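Q: Got a minute to go through this one with me? I'd like to start at the surface and then look inside.

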Amino acid sequence: MTDSNLPPSGRGSLTDDLRWRGLIQDSTDPDELRALLDSGSATYYVGFDPTAPSLHVGHLMQVVTARRLQLAGHRPLLLVGGATGQIGDPKESAERTLNPPEVVAGWVRRIHDQLAPFVSYTGENAARLVNNLDWTGEMSVVEFLRDVGKHFPVNRMLAREVVKARLETGISFTEFSYQLLQSHDFFELHRRHGCHLQFGGSDQWGNIAAGVDYVRRRGAGPVQAFTTPLVTRSDGTKFGKTEGGAVWLDPAMTSPYAFYQFWVNVDDRDVGPYLRYFSFRSRAELEELEKATAERPAARAAQRALAEELTTLVHGATETAQAVAASQALFGRGALDDLAEETLRAALTEAGLVELTELPDVAGLLRDAGLVPSLKEARRVIAEGGAYVNNERVTEGDATVDPAVLLYGRYLVLRRGKRSFAGVELRK
């Protein structure tokens, strides 16, 4: 990625913009942090542990914030935890399952590649990918205990909420020591690359604050840190989850169409905060979109703007155009023949794709696809003009489908009314 691919950074105070967007929840000294952020020349880092083969939308807050800081002139260090990923940050519920080192190493490579398009690797503030296994893996146990462990008062470590929650059920020394590893990362990045700033999610504040203190205890610094808020949904469900599971950034795990639809379907109550968190549009543009949502919520202008911007950022303009075209075509506002097969299949899978070995009549198709509960209801819908096959209205329930109209020789798009659709795949 070249600098020309990045949108121009906004003028004014970066700190003020981050606070207006709600992106600073916890921080070290506010005045020192402001001076550093507004200097436009600091080296910062944010870390990602490889606990799966892909990042998901929950990581987008950190990815986008890293991009935002680089656009303001700061230099990113994107850390993928080849060491910490083998340990695991403590969870409140139970001990993590340790993944084999070779599996973690494979995930490190995949996430390294996945992070690459979000920042620029050229120019005075070129980004750099780093792996904490490079300095942690070569340390002996004695070195770790003497050089790192000596600087961590156990009483402070025990005061962490997640540790206190686990004391009754038990916590291994492995997970208990995670804080030391993450803190040592900050020191090594400060020593090796002149890193003066770390940020991460608010659930990491204990680890991040410990790292700031550790750098000071090692006689380095001063360094600063802040956290972004955890992204939530107003209805109480977990952000980044759908009925099918997590929304991944890897297109092989979550299709670009499904990714686009995730953002299009954001609740009106959430779209304003999400736009501030994730969008690179100006304050005036975001306020206009929020106003449009309040005045004409059915138009979903804010959701579509957010979906198009983020899908383009993650998957590129071509995939975004296909996702938009699919959204329109499936509801009769575009040509189904223009959709790539991968996009069509992804869209139908999201809606509900039924596999059949032979095609019944149209009434049977509507029933088998789950658009109606019975053949009787199917015939009623057809008689009232509310049934469509490949966006063509069907008027006879016992009509059969000509195999020549199958999309890519195997797919049918069925629609009931304006909003309900499903897919059929003919398996021979």
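**Surface, helix packing and backbone**

A: Sure. Keep in mind that this is a predicted model. L145 is partly exposed, with a relative accessible area of 47%.

Q: Where is L145 found?
A: In helix α6, which covers residues 141-148.

Q: Which residues form a nonpolar patch with L145?
A: V141 and F173 join L145 there, and together they have about 340 Å² of accessible area on the surface.

Q: Okay, moving inside. Which residues of helix α17 are buried?
A: In α17 (residues 341-351), the buried ones are T343, L344, A346, A347 and L348.

Q: And what do they pack against?
A: Two helices, α12 (256-264) and α16 (317-329), plus the strands β9 (353-356), β12 (411-416) and β13 (420-426).

Q: What does the backbone do just after α17?
A: G352 sits there with a positive phi of about 125 degrees.

Q: Which residue other than glycine has a positive phi?
A: R300 is one of them, with phi near 55 degrees. Most residues other than glycine have a negative phi.

Q: Where is R300 found?
A: In the loop between α14 (283-295) and α15 (301-315). R300 counts as partly exposed because its relative accessibility is 25%, and buried would need under 20%.

Q: What about Y408, what is its phi?
A: Also positive, near 55 degrees. Y408 lies in the loop between β11 (392-393) and β12, the strand that the buried residues of α17 pack against.

Q: How accessible is Y408?
A: Partly exposed, at 43% relative accessibility.

Conventions. Residues are numbered from 1 along each chain as its sequence is written. This is a predicted model: local features need pLDDT of at least 70, side-chain atom pairs count only at pLDDT 80 or more; totals for chains, interfaces and linings use all residues. Side-chain values use heavy atoms; hydrogens and water are left out. Patches are made of residues with over 30% relative accessible area and no salt bridge: like charges are joined within 9 Å, nonpolar side chains (Val, Leu, Ile, Met, Phe, Trp, Tyr) within 5 Å. Accessible areas come from the Shrake-Rupley method with a 1.4 Å probe; for residues, only the protein chains shown count as cover. A salt bridge is a side-chain nitrogen of Lys or Arg within 4 Å of a carboxyl oxygen of Asp or Glu. Helices (H or I, at least four residues) and strands (E, at least two) are DSSP runs, numbered from the N terminus. Buried means under 20% relative accessible area, exposed over 50%, partly exposed in between (1.4 Å probe, protein chains only). Contact means heavy atoms within 4.5 Å.
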